[in-house]
Amino acid sequence: FIVFIGLIIPNEQYHTSFYNILFGSLASSLIFFIISNLGVFLIGYPNSLEGLIACYTAAIPFFQTSISADLLFTTVIFLSYDIIRSNIPQLNPNIA
């Protein structure tokens with residue numbers, strides 16, 4: 001799922017936009033939260049609706065931290081790439 005999100009981040013000209021990156025980061029965090037906590041529910045909680053609710057409720061503080069870290073590191077990675085690309089002409093696709 002997360003790889004599919006990575007494939008839809010670039011737009012038609014294969015340029016990334018702020019909104020595509022933001023959507024990709026938030027969607028990836030949400031998918032990871034759902035899948036990883038479903039595994040925790042299946043292994044460590046009673047197999048009932050109450051157990052499912054308790055599992056996801058207990059995981060909310062970790063989700064907030066996960067979103068914050070994902071947004072921070074996504075910003076750092078993409079800004080670093082843009083800075084490097086602007087300083088190394090061979091990496092800039094607009095220069096012919």
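The following exchange concerns a predicted model of a protein chain.

Trainee: In what order do the elements of the protein chain run from the N terminus on?

Mentor: The protein chain contains 3 helices and 0 strands. Read from the N terminus on, its elements therefore follow the order given by the DSSP runs, namely α-α-α.

Trainee: At what angle do helix α2 and helix α3 pack?

Mentor: Helix α2 covers residues 18-44, and helix α3 covers residues 49-87. The axes of the two helices lie 9 Å apart. Helix α2 passes helix α3 in a right-handed crossing, and the packing angle is about 150°.

Trainee: How many residues of the contact of α2 with α3 are nonpolar?

Mentor: The residues of this contact divide into three classes. The charged class holds 1 residue and the polar class 6. The nonpolar class holds 18.

Trainee: Is the pair of Phe33 and Phe63 stacked, edge-to-face or tilted?

Mentor: A search of the whole structure finds 2 aromatic pairs. A pair of aromatic rings is described by the distance of the centres and the angle of the planes. For Phe33 and Phe63 the ring centres are 4.4 Å apart and the planes stand at 35°. Planes under 30 degrees apart would count as stacked and over 60 as edge-to-face, so this pair is tilted.

Trainee: Which parts does the pair of Phe33 and Phe63 tie together?

Mentor: The two residues are 30 residues apart in sequence. Phe33 lies in one helix and Phe63 in another, so the pair ties together helix α2 and helix α3.

Trainee: Are Phe33 and Phe63 buried or exposed?

Mentor: A residue counts as buried under 20% relative accessible area. Phe33 has a relative accessible area of 12%, and Phe63 has a relative accessibility of 18%. Both values fall under that cut-off, so Phe33 and Phe63 are buried.

Trainee: Which residues form the aromatic cluster?

Mentor: Phe33 and Phe63 form a tilted pair. These two residues belong to one aromatic cluster that also includes Tyr56. The members of the cluster are thus Phe33, Tyr56 and Phe63.

Trainee: What distance separates the C-alpha atoms of Gly24 and Phe4?

Mentor: Gly24 has its place in helix α2 and counts as buried, at 4% relative accessibility. Along the chain, Gly24 and Phe4 are 20 residues apart. Their C-alpha atoms are separated by 9.5 Å.

Trainee: What percentage of the residues of the protein chain count as buried?

Mentor: The accessible surface of the protein chain comes to about 7300 Å², and 73% of it belongs to carbon and sulfur atoms. The protein chain has 96 residues, and the share that counts as buried is 17%.

Notes
Residues numbered from 1 in each chain as written. Predicted model: local features only at pLDDT ≥ 70, side-chain atom pairs only at ≥ 80, totals over all residues. Heavy atoms only, no water. Axes fitted to C-alpha atoms, helices over the stretch in contact; angles between N-to-C directions. Helix = DSSP H or I, 4+ residues; strand = E, 2+ residues; numbered from the N terminus. Left-handed = near helix turned anticlockwise from the far one by under 90°. Nonpolar A, V, L, I, M, F, W, Y, C, P; charged D, E, K, R; others polar. Phe/Tyr/Trp six-rings, centres within 6.5 Å; stacked < 30°, edge-to-face > 60°. Buried < 20%, exposed > 50% of the residue type's maximum accessible area, 1.4 Å probe, protein only. Areas by Shrake-Rupley, 256 points an atom, 1.4 Å probe, with all protein chains shown as cover.
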